[in-house]
Amino acid sequence: MADAVDQLLDRSVGAEEYVIRAAVEGSEPDPLIDLSQIDFDSLAASFAGRKRAETERLAALLKDRATAAAARNPTRQELVERIEELIARYNAGSFNNDEMLRRLVSLSQSLSKEEQRAFEETLDEESLAIFDLLTQPEPVLTDDERATVKESAKALLAKLHDQLVIDWRRRAETMAGVRTTIKDVLDTGLPEDPYPPGLFDSKVDAVFNHIVASYGDDGASVYHDGAAAPSAGGTTTLDRYVVSADTETATQVEPPPTTSGRTDQLPDIAEITEDVVERLRHDEQFVSEMAARIGQAATAQLRTVDELIENDEDFAVEFKSTARWDVKQGVKSKVMEDMIVKTVAGFLNTDGGTLLIGVGPDLKTVGLSHDYENVKPKNGDGFVNWLTTHLINALGPVPATRTRARIVIHEGHEICRVDVAEMAGGVRAKSSKAEGVFYVRFNNSTRVLPDDEVGAYAADRWPDSPAPSE
């Protein structure tokens, strides 16, 4: 259409009629078109639609690129989430094409910088992923400690490459062997002071989940061209087996498609059952691990926001309208801030859970506009930064690493989803009115556990971890 308009404007315009001759090849004589009859608004809309289509195409390409980068290094998942959020806000009409393009360029530059970081750290992509999991978001390391962690990441990969043999994920014994190797190598190689027991255990879990998600049973991995990437979600073979068993139908759960378009090859249920049953008979530690996996199979962290709200508050789910603002009183409130800490502490001290901030107890989506007015900058980044600092001050840095907060769009509103993992040993919370409070979940509420009960509770739940000090 744009070319046709250019051709029309190159034709002669009648001096008296405000008409233009149509540029139609083979038409004799040229018909005249009345300029007053051209719908220029529709023409502009057509051009805008084409610009929007191009913007959407660029956004999709950037998301694909970020998703592939995150498959190689899970710490890049935040970039994927930022792009998804940007697309959702653009589709909701929060900003125009020009602003969307500007933000896409900015995110593309961030991604390009991230993709060059392996060279800057003198590591390959495989080692960088391990290094990042061991250093992000905690702990803060000296230059010498960072160098030590880099060497540990390289040494770990060298050991693991010998164990990631054909079908390694299909047998419980080899899976357990990989986890043991990760724990032993890191225990020997990591500097002790920056990695206290709770943080060390969480790092072992993170690295193990990454290895399971990134290295296939056929010797392929996400780091080699043409390799079949395992499930991007990082779910292990055992996890899928437990979930399917929970349905009482023994059906396997199909994993999501990978960046290469292929899916994991899951083992036959009968094939894995013999190994699992045998280990359950003789391996006490394995029994504990399986029990933990069964407990995680239907956790709140695996549900979508729609599913969380649809099922209402329960043992592992809670909603808060705001985090800093008292809607009824119309003022900033320490009470609301304390309620956030209370809920997170309760999840940490029980089985974990998910807190939605911006959703009321009546299940109506409120959004974060009230809270945004009380953080700097007044947006999602400012809110998550405030929340992180608030949790560190109230619970401590290590417990705060057991939380994952992110802004998501629900019903046109921005809300904050906070996924919380259980904290071995438990944690005491500090509020504006008290310190050393031990919260736990009781059904769908969070309550104080009396001090004289904390020791027995901790010993029963975490027999190998010290009880939280007062």
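Reader: Let's start with β3 and β6. How many bridges join them, and do they run parallel or antiparallel?

Author: Strands of a sheet pair through backbone hydrogen bonds, and the pairing can be parallel or antiparallel. In this predicted model, β3 and β6 run parallel, joined by 4 bridges. To find the register, look at valine 317, which stands opposite threonine 354 in β6.

Reader: And which way do the side chains of β3 point?

Author: In a regular strand, side chains alternate between the two faces of the sheet. Here, Val317 and Phe319 point one way from β3, while Glu318 and Lys320 point the other way. All four of these residues are buried.

Reader: What is the strand order in the sheet?

Author: Read across, the order is β3-β6-β8-β7, an open sheet of 4 strands with mixed pairing. β3 (317-320) and β7 (403-410) are the edge strands, each pairing on one side only. From one strand to the next, the twist averages 20°.

Reader: How does α14 sit relative to that sheet?

Author: α14 packs on the sheet and touches β3, β6 (353-357), β7 and β8. The direction of α14 makes about 165° with that of β6. There's another helix to look at too: α16 (residues 380-395) lies across β6, β7 and β8, and runs at about 150° to β7.

Reader: Back to pairing. What joins β8 to β6 and to β7?

Author: With β6, β8 has 5 bridges, and the two run antiparallel. One landmark there is isoleucine 357, whose bridge partner in β8 is cysteine 416. β7 and β8 (residues 413-420) also pair in the antiparallel sense, over 8 bridges. Along that pair, arginine 404 stands opposite aspartate 419, and histidine 410 has histidine 413 as its bridge partner. As for cover, 7 of the 8 residues of β8 are buried.

Reader: What happens at the turn between β7 and β8?

Author: The hairpin has 2 residues between the strands, and glutamate 411 takes a positive phi near 55°.

Reader: Can we go through one residue of β7? Is threonine 403 buried or exposed?

Author: Buried means under 20% relative accessible area. Threonine 403 has 12%, so it counts as buried. This residue is in strand β7, and the side chain reaches the backbone oxygen of alanine 400 at 2.7 Å. Leaving out residues up to four places away in sequence, threonine 403 touches Val344, Leu391, Val418, Asp419 and Val420. Take Val418: valine 418 is 15 residues from threonine 403 along the chain, yet their C-alpha atoms are separated by 6.6 Å.

Reader: Now α14 itself. Why does its end-to-end distance agree with its number of residues?

Author: Use the rise of 1.5 Å a residue: the 15 residues of α14 (residues 334-348) should span 21 Å, and the end C-alpha atoms are 21 Å apart, so the two agree. At the N-terminal end, serine 333 acts as a cap, with a side-chain oxygen 3.1 Å from the backbone nitrogen of valine 335.

Reader: How many of the residues of α14 are buried?

Author: An α-helix has 3.6 residues a turn, so residues three or four places apart point the same way. In α14, 11 of the 15 residues are buried, which leaves the helix mostly covered. Among them are Met336, Ile340, Val344 and Phe347.

Reader: Where is threonine 322, and what does it touch?

Author: Threonine 322 lies in the loop between β3 and β4 (325-326). A loop residue can be checked for burial just like a strand residue. At 1% relative accessibility, threonine 322 counts as buried. A polar atom of its side chain lies 2.4 Å from the backbone oxygen of tryptophan 325. Not counting residues up to four places away in sequence, threonine 322 touches Val327, Met336, Ile340, Ile357, His370 and Asp371.

Reader: Last one. Where is confidence lowest, and where is it highest?

Author: The mean pLDDT is lowest in helix α10 (residues 237-246), at 29, and highest in α14, at 95. Over the whole protein the average is 75, with 71% of the residues scoring at least 70. Two stretches to flag are residues 8-30, where pLDDT stays under 50, and residues 293-298, where pLDDT also stays under 50.

Definitions and conventions
Residues are numbered from 1 along each chain as its sequence is written. This is a predicted model: local features need pLDDT of at least 70, side-chain atom pairs count only at pLDDT 80 or more; totals for chains, interfaces and linings use all residues. Side-chain values use heavy atoms; hydrogens and water are left out. The expected span of a helix is 1.5 Å times one less than its number of residues. Buried means under 20% relative accessible area, exposed over 50%, partly exposed in between (1.4 Å probe, protein chains only). A polar contact is a pair of N or O atoms within 3.5 Å; within protein, one must be able to donate a hydrogen and the other to accept it, and residues adjacent in sequence count only if both atoms are side-chain atoms. pLDDT is the predictor's confidence in each residue, from 0 to 100. Contact means heavy atoms within 4.5 Å. Two strands pair if DSSP finds at least two bridges between them. Axes are lines fitted to C-alpha atoms, for helices over the stretch in contact, and angles run from 0 to 180 degrees between N-to-C directions.
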